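Please look over the chain shown here before reading the report, which moves from the overall fold to its sheets, its salt bridges and its surface.

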Amino acid sequence: MLSVLIPTYNWNALQLVYKLQKQLEKENCIYEIIVLDDASKSELTICNQEINKIPNCFFDELPVNMGRSKIRNMLAQRANYDWLLFLDADVDPVNEKFISRYLSEINKKRKVVVGGIAYSKYEGSGSLRWKQGKQSEEKRIEERIKLPYKYFFTGNFLIEKETFYQIYFDETIREYGYEDLVFSKQLEKHNIQVWQILNEVYHLGIDKNAAFISKTKEALQNLVLLIKEKKLTVKDVKIMQVYRKIQFLKLPFILHFFAEYFEKRAGKKSSLFYYQLFRLAYLHKIIKNML
């Protein structure tokens, strides 16, 4: 009935699988949990191999890195059941009725359901990522219901397999960033309704500030490429809308000279203010180099 699909990379997914398997057994439903490592070559693979000892649970490691989109498609192809629950490996269900709530949605015949994301209290060197997630990703259910496609999150969603086969993840996107939005836009294009429910997972994989800023650069580079390839538009992404507005005032050109300063302040102070200025400055640098 339900295939739980978890792509992982250098992360111990064992405790997540134990928790999910316990809930699935309690619901007395037909299920499988498949965890696929994207060739991380990590020592944590030894821990993840223990997953194969759990009933109806399977772990495998790819020999070559496939990327965030292709690995999810591969997971769907390996799935035996008609409903697919995609979860990131670095999440933790907020409540003990996590599986039960998704099974209720299956009974309602809803084709795509998003549970949402939350951030627990955090103190550490990755507080910039935590602040950004808390501000931009953790949204009240009322907000998510109003804008279901905008707040689509690939790290915690249920989809009917037949519906998934209409869309797939775009395997040409190999770099980090905005693959969630591209998938969501395809759902919208095909008039497939997205239901938002109160069934969050905590995001545990909080990058340290330097790593998060590095990933931000990758994501912005990927964003410009996706817009250039017409897979996204300026209207789809808030930072592009802001960039276009301040372009008329020549502000991106001015910000560009302070990009390094903004980056250092964002990392040192874990400041969202400087982080957003850094994003705009770096975005201008990418666009300028592409001209």
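The sections below describe a predicted model, beginning with the chain as a whole.

## Overall dimensions and composition

The chain has 291 residues, for which a compact globule would be expected to have a radius of gyration near 19 Å, and the value of 20 Å found for the chain agrees with that expectation. Along the principal axes, the C-alpha trace spans about 60 × 40 × 35 Å. The secondary structure amounts to 13 helices and 10 strands.

Buried residues make up 53% of the 291 residues, while the accessible surface comes to about 15100 Å², of which 53% belongs to carbon and sulfur atoms. Among the contacts with a separation of 6 or more, 79% are between residues 24 or more positions apart.

## The seven-stranded sheet

Seven strands form an open sheet in the order β3-β2-β1-β4-β8-β6-β9, and the pairing within this sheet is mixed. The edges are taken by β3 (57–61) and β9 (195–196), each of which has a single partner strand, so that one side of each is left without a neighbour in the sheet. In general, the strands of a sheet pair through backbone hydrogen bonds, in either the parallel or the antiparallel sense.

Both senses can be illustrated here. Strand β1 (residues 2–8) runs parallel to β2 and is joined to it by seven bridges, with L2 standing opposite Y31 in β2. By contrast, strand β6 (residues 112–114) and strand β8 (residues 156–160) pair in the antiparallel sense over three bridges, and in β8 the bridge partner of V113 is L158.

Strand β2 (residues 31–37) deserves separate mention: seven of its seven residues are buried, so the strand is largely enclosed by the rest of the structure. In a regular strand, the side chains alternate between the two faces of the sheet. Both faces of β2 are covered, since Y31, I33, V35 and D37 on one side and E32, I34 and L36 on the other are all buried.

## The three-stranded sheet

A further open sheet, also with mixed pairing, consists of three strands in the order β5-β10-β7. Its edge strands are β5 (91–93) and β7 (117–118), each of which pairs on one side only. Between β5 and strand β10 (residues 201–203) the pairing is antiparallel and extends over three bridges, and V91 has H203 as its bridge partner in β10.

## Salt bridges

The structure holds 20 salt bridges. In one of them the side chains of K19 and D92 meet at 2.7 Å, N to O; K19 lies in helix α1 (residues 14–27) and D92 in strand β5, so the pair ties together parts that are 73 residues apart in sequence. K19 is partly exposed, with a relative accessible area of 34%.

Another salt bridge joins D236 to K185, with the closest N and O atoms 2.9 Å apart. Because D236 lies in the loop between α9 (209–228) and α10, and K185 in helix α8 (residues 179–189), this pair ties together parts that are 51 residues apart in sequence. Both partners count as partly exposed, D236 with a relative accessible area of 22% and K185 at 26% relative accessibility. Salt bridges that share partners also join E105, K108 and R110 into one network.

The side chains of E143 and R140 likewise meet in a salt bridge, at 3.7 Å, N to O, and E143 is partly exposed with a relative accessible area of 27%.

## A buried asparagine and a nonpolar surface patch

N73, found in helix α3 (residues 68–78), is buried, with a relative accessible area of 1%. Leaving aside neighbours within four places in sequence, N73 is in contact with F164, Y168, F169 and E171.

On the surface, a nonpolar patch is formed by F248, L249, L251, F253, I254, F257, F258 and Y261, which together have about 920 Å² of accessible area. Helix α11 (residues 251–256) contributes the largest share of this patch, namely three residues. L249, in turn, is found in the loop between α10 (238–247) and α11; its relative accessible area is 59%, and it therefore counts as exposed, the cut-off for that class being over 50%.

Methods: Residues are numbered from 1 along each chain as its sequence is written. This is a predicted model: local features need pLDDT of at least 70, side-chain atom pairs count only at pLDDT 80 or more; totals for chains, interfaces and linings use all residues. Side-chain values use heavy atoms; hydrogens and water are left out. Patches are made of residues with over 30% relative accessible area and no salt bridge: like charges are joined within 9 Å, nonpolar side chains (Val, Leu, Ile, Met, Phe, Trp, Tyr) within 5 Å. Accessible areas come from the Shrake-Rupley method with a 1.4 Å probe; for residues, only the protein chains shown count as cover. A salt bridge is a side-chain nitrogen of Lys or Arg within 4 Å of a carboxyl oxygen of Asp or Glu. Helices (H or I, at least four residues) and strands (E, at least two) are DSSP runs, numbered from the N terminus. Buried means under 20% relative accessible area, exposed over 50%, partly exposed in between (1.4 Å probe, protein chains only). The radius of gyration is taken over C-alpha atoms; the globule rule is 2.2 Å times the number of residues to the power 0.38. Contact means heavy atoms within 4.5 Å. Two strands pair if DSSP finds at least two bridges between them.
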